[in-house]
Amino acid sequence: MVKIKEIDSIKSDKLDMKTIINKIKEILNSGYQEEAIVVKDNNVIKKHEIYWALKYLGTKFIAVSNEEENVKVSLDFLGFYDEVSDPGIRVYNNTIELIERDRPTPLVKLNGIINDKKIGIWAKLEWYNPFSLSIKDRTAWYIIYNNLDKLSDKEKIFEATSANTGIAIAAISSILGKKTRVFMPETSPDYASKLLKIYGSDVVREGNTTNELIEKVKIYAEKENAFVPNQFSNIFNLLVHLRYTAKEIDYQTIYGKLKLNGIFASMGTGGHIAGLTFYFHNKNKAVKIFGIQPEENGTIPGIKKQDFKNWWNINDSPDDIYSVSLEESIDVLITTARTNGILPGISGGAVLAGLKKAYNNGDLDEGDYVCIIPDNGIKYLDEIYNERVL
Ligand code: PLP
């Protein structure tokens, strides 16, 4: 007989990620749990892959049985959206709950970016995350908390980062009583070194890009028995955006009654746009995903051109890519500040500049578009101010 149980009341042995990812894809495509998870004494004995897929999709409930059985239970019924809906009175017992429970981040309509009433532009404000005041809190938190077993006998965490991930890791390390060493390129903003030191982190500044530091970090970590989250290829960087960033947008646009045509996002590790791509290309193909990269030979803090070969092992990629310049990104930031009273960070400006480009190319249809704003412009005040010589 099939029963609906809270997922946290059932235990299962770990499974390889490839099998889980394939099952996640299948469930997102159908929108249903189609087979019962076979359990005995609250332990999974068959259909482990369904259990883990639903676990990483974040349903509150699962359908279980003592024997193999077909079922048809919708994700909605299993409490799929519960974890991204109203956080209520927002009273939390400790600071980690700010990232675990205080969601979704806001989605706000912007005016004055393009002159067309038929197209709605909605900014998803990721600086509402608590530690680095950026989207990278999600990545740092999910990688670390899904690797607590590997971390338990280690005192240190080492990571290469352009700034935000390092700050998020340093903050979370403080909560866990661990020590962090952050490896940042010389090009990273100065405020980041100061903030990291305030958090008690060691800071190493070397090279021009994070790519140059990845191997170095691994070598130091081996010598000093440190844990390396490795945001550049850790699957939890994709899974956190699948489970939360993407699901939040899905929930907010469904219940906010938007006609979601597409999502614009910048790309650094590619973690958040890969999560969005995987989620929407399987769950709702009407939603197109647009990636934003710096123009040839240009630099924009936190983002870079992607190599889409074997990209995050999802056999998929964004629907289109737009290249933008630093100047275009900063121009739209100033417009946003002067028409909406908020100042996104530079990569957020790049995303808005990419949307403008898509509009000017005639690539946008009537309806709504979400732009992911990774952090806030106060972090880049001098760069924004000096670029425009205000
Ligand atoms: N924007 C900013 C400000 C960032 O710090 C980052 C990544 O560090 C990104 C965009 C890109 O995000 P992702 O690594 O998820 O591609």
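**Ligand contacts and local features of the predicted model**

An oxygen atom of the ligand is 2.6 Å from an N or O atom in the side chain of Thr269. The structure is a predicted model, in which local features need pLDDT of at least 70, side-chain atom pairs count only at pLDDT 80 or more, and totals for chains, interfaces and linings use all residues. Residues are numbered from 1 along each chain as its sequence is written, and side-chain values use heavy atoms, with hydrogens and water left out.

Lys136 also reaches the ligand: one of its polar side-chain atoms lies 2.6 Å from a ligand oxygen atom. At Gly270, the backbone takes this role, with an N or O atom 2.9 Å from an oxygen atom of the ligand. The protein covers 97% of the 390 Å² of accessible area that the ligand has on its own. Such areas come from the Shrake-Rupley method with a 1.4 Å probe; for residues, only the protein chains shown count as cover.

The ligand has 15 residues around it; a residue is near if one of its heavy atoms lies within 4 Å. Lys136, Gly268, Thr269, His272 and Ser347 come nearest. By class, this shell holds 9 polar, 4 nonpolar and 2 charged residues. Here Ala, Val, Leu, Ile, Met, Phe, Trp, Tyr, Cys and Pro count as nonpolar, Asp, Glu, Lys and Arg as charged, and the others, Gly among them, as polar.

Two buried side chains on helices make polar contacts. Asn164 belongs to helix 6, which covers residues 164-176. Helices (H or I, at least four residues) and strands (E, at least two) are DSSP runs, numbered from the N terminus. Asn164 has a relative accessible area of 12% and is therefore buried. Buried means under 20% relative accessible area, exposed over 50%, and partly exposed in between (1.4 Å probe, protein chains only). The side chain of Asn164 makes a polar contact of 2.8 Å with the side chain of Lys379. It makes another, at 3.0 Å, with the side chain of Asp375. A polar contact is a pair of N or O atoms within 3.5 Å; within protein, one must be able to donate a hydrogen and the other to accept it, and residues adjacent in sequence count only if both atoms are side-chain atoms.

Gln252 is part of helix 9 (residues 235-255). Its relative accessibility is 15%, so Gln252 counts as buried. Its side chain is in polar contact with the side chain of Lys124, at 3.0 Å.

Helix 2 spans residues 48-57 and is mostly covered, with 8 of its 10 residues buried. The buried residues are His48, Ile50, Tyr51, Trp52, Ala53, Leu54, Tyr56 and Leu57. Gly58 comes just after helix 2 and takes a positive phi of about 80°.

Further backbone features occur in loops. The peptide bond from Arg103 to Pro104 is cis, with omega near 5°. Pro104 sits in the loop between helix 3 (97-100) and strand 7. Asn225 has a positive phi, near 50°, although it is a residue other than glycine. Asn225 lies in the loop that runs between helix 8 (214-224) and strand 12 (226-227). With 39% relative accessibility, Asn225 counts as partly exposed. For Asn310, likewise a residue other than glycine, phi is positive and near 55°. The loop between strand 14 (288-294) and strand 15 (320-324) holds Asn310. Asn310 has 62% relative accessibility and so counts as exposed.

Distances between C-alpha atoms relate positions along the chain to positions in space. Lys118 is placed in the loop between strand 7 (107-110) and strand 8 (119-125). Its relative accessible area is 55%, so Lys118 is exposed. Lys118 and Tyr128 are 10 residues apart in sequence, and their C-alpha atoms are 28 Å apart in space. Lys3, in strand 1 (residues 3-6), is 63 residues from Asn66 in sequence and 9.3 Å from it in space, C-alpha to C-alpha. Lys3 counts as partly exposed, at 43% relative accessibility. Ser201 occupies the loop between helix 7 (190-198) and strand 11 (202-205). With a relative accessible area of 6%, Ser201 is buried. A separation of 26 Å lies between the C-alpha atoms of Ser201 and Tyr92, which are 109 residues apart along the chain.
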